[in-house]
Amino acid sequence: MIRSLYVRVVLTFIAVTVISLLISSFIAFRWFEKDVNRDMSAELMKEGAKVQQLYDAWQPEDLSIFVEQTSSLIRELHITLVGPDGQTIDSEDKGQNPPIRQGNYAEEVNTVLSGANAIIQEESQKGGPMRPVAIGVPLQTTDGVYAMFLQPNLKPQRENFRRNNTMINLTSLLVGSFLILMASRFLVSPLKKMTSATRQIARGDFRINLRMKRRDEIGELAESIQLMASELGQLEQMRKDFVSNVSHEMQTPLTSIHGFSQALTISELSDKERIRYASIIETESERLSRLIRNLLKLSSLDSDKHPFQIEAYRLDRQLRDVILTLEPIWTSKSITFHLHLQELVIQADRDQLSQVWTNLIHNALKFSSEGGSIEISMTRERGYAVVAIKDYGEGMAKEDLQRIFERFYKADASRNRYEGSGLGLSIAKKIIDLHEGRIQVESELGVGTTFRVYLRL
């Protein structure tokens with residue numbers, strides 16, 4: 001039960017509240033003591049004058065009764081009368097004040113009996129300044145002058161303060177505990193929802209709803225979990241699409257290989273048909289082999305252990321070399337290249353970037369019409385080498401531009417008309433990303449397509 005966050009929050013609050021109340025009570029009591037122990041000489045002098053007035057008005061015969069009743073009437077004072085003969089009359093001492101006798105306060109008693117006022121002081125706690133504990137004033141009676149000492153009765157005040165302080169603290173603790181119970185439910189409830197959502201994600205169900213209007217840390221956490229679920233859902237869909245596309249791309253050549261290999265077993269086939277079937281099997285085998293190589297290439301690029309050999313070389317020469325290796329393709333379609341290249345040395349993996357140029361230029365050749373042209377230019381822009389490859393083919397729709405770097409994605413208009421697995425642009429983008437560069441594409445239907453590659457110099 002203690003492991004529950006709800007219980008921990010409640011117990012933590014109660015513990016903090018109790019400690020806070022104890023500290024505040026200690027501080028309040030110290031302030032109370034400081035207040036009651038202040039110099040009350042002037043006030044006690046006034047009380048002494050009141051006692052004298054009461055005596056003059058009452059003229060009691062019994063001083064003991066007078067002292068007892070007067071101490072109850074006036075601020076619950078403790079009154080001590082000391083007569084000329086040393087006889088002492090005390091009121092009931094409810095405050096446990098130190099007794100005043102002629103023996104222990106002879107000097108002060110004699111001073112008052114002589115008609116003057118006197119102050120009895122004692123050292124305050126912890127070596128502080130002297131504080132008055134009693135005021136001595138002369139009381140004129142029918143029997144002569146008595147030394148009257150007035151002491152404040154602080155015990156009732158202390159008890160009343162402690163009682164009130166205890167009630168306030170208990171009330172604060174009970175009310176606070178009730179409020180924290182309610183507040184904890186408010187705090188813990190979204191956490192329980194998030195826990196349930198994460199378990200749902202762990203089961204593979206990413207359709208969660210943690211939309212909250214909160215703008216605090218819990219709201220940010222819920223929003224992050226919602227975003228994570230959305231991205232995981234997209235990744236899961238991409239994984240399913242990837243498996244489906246791989247299966248489709250492999251199934252097609254395998255079906256052809258299987259079908260034509262069976263056809264070769266027919267004895268009535270002519271030599272010309274056998275050669276054609278064997279050629280188709282070879283073509284499909286190469287297609288399947290190329291697909292597997294591309295998949296292995298992507299897998300290697302995705303891993304952190306992919307070998308990179310950075311070296312300095314001429315980028316313009318590399319572009320010319322790639323164009324020459326593709327000569328059989330562009331000569332068969334009578335395509336013209338327009339090159340705007342400058343001498344430029346870069347630091348990069350030569351073989352990996354050769355793969356990028358091969359994929360992009362081959363892509364441009366594939367979508368260029370017979371007798372068309374391709375422009376390749378190279379410039380410097382703000383610390384980057386920018387290579388632009390532009391064709392004047394049929395172009396792509398805007399919705400296709402957002403997905404052309406996805407694996408196995410093909411524009412609908414070209415899916416069945418051109419060969420290709422849909423991995424070339426994915427490989428090119430991955431290699432550029434690993435070189436801390438970027439690749440951009442611009443295209444318009446019926447106008448053509450331009451790829452721009454930015455490589456850090």
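**View 1. Thr-379 sits across from Val-386 of strand E10, its bridge partner there.** This is a predicted model, and the close-up looks at the E9–E10 pairing. Strand E9 covers residues 373–381 and E10 covers residues 384–391; the two run antiparallel, joined by eight bridges. Together E9 and E10 make a hairpin, with two residues in between. Have a look at Arg-382 in that turn: its phi is positive, at about 50 degrees.

**View 2. On its other pairing, E9 meets strand E7.** Here the strands run parallel, and five bridges hold E7 (residues 336–340) to E9. To get your bearings, start from Phe-337, whose bridge partner in E9 is Ile-374.

**View 3. Zooming out a little, five strands line up as an open sheet.** Reading across, the order is E7-E9-E10-E12-E11, with mixed pairing. E7 and E11 (438–444) are the edge strands; each has a single partner strand, so one side of each has no neighbour in the sheet. From one strand to the next, the twist averages 15 degrees.

**View 4. Strands E11 and E12 pair up in the antiparallel sense.** Seven bridges link E11 to E12, the latter spanning residues 448–456. Glu-444 is a handy landmark, standing opposite Gly-448 of E12. Helix H12 (residues 424–434) lies across both E11 and E12, and runs at about 25 degrees to E12.

**View 5. Helix H8 packs on the sheet.** It touches E7, E9 and E10, and the direction of H8 makes about 165 degrees with that of E9.

**View 6. Helix H8 also crosses helix H10.** The axes of H8 (residues 315–325) and H10 (residues 350–367) come within 10 Å, crossing at roughly 50 degrees. That angle is why H8 counts as oblique to H10. The crossing is right-handed. On the H8 side, the contact is made by Leu-315, Gln-318, Leu-319, Val-322 and Ile-323. H10 brings Arg-350, Leu-353, Ser-354, Trp-357, Thr-358 and Ile-361. Sorted by class, that gives seven nonpolar, three polar and one charged residues.

**View 7. One of the five aromatic pairs in the model.** Tyr-55 and Phe-66 meet edge-to-face, 5.5 Å centre to centre and with 80 degrees between the planes. Tyr-55 belongs to helix H2 (residues 41–58) and Phe-66 to helix H3 (residues 63–73), so to speak a link between distant parts of the chain, eleven residues apart.

Terms used. Residues are numbered from 1 along each chain as its sequence is written. This is a predicted model: local features need pLDDT of at least 70, side-chain atom pairs count only at pLDDT 80 or more; totals for chains, interfaces and linings use all residues. Side-chain values use heavy atoms; hydrogens and water are left out. Axes are lines fitted to C-alpha atoms, for helices over the stretch in contact, and angles run from 0 to 180 degrees between N-to-C directions. Helices (H or I, at least four residues) and strands (E, at least two) are DSSP runs, numbered from the N terminus. Angles under 35 degrees count as roughly parallel, over 145 as roughly antiparallel, 65 to 115 as roughly perpendicular and the rest as oblique. A crossing is left-handed if the near helix is turned anticlockwise from the far one by less than a right angle, and right-handed if clockwise. Contact means heavy atoms within 4.5 Å. Ala, Val, Leu, Ile, Met, Phe, Trp, Tyr, Cys and Pro count as nonpolar, Asp, Glu, Lys and Arg as charged, and the others, Gly among them, as polar. Two strands pair if DSSP finds at least two bridges between them. Rings of Phe, Tyr and Trp (its six-membered ring) pair if their centres lie within 6.5 Å; planes under 30 degrees apart count as stacked, over 60 as edge-to-face and the rest as tilted.
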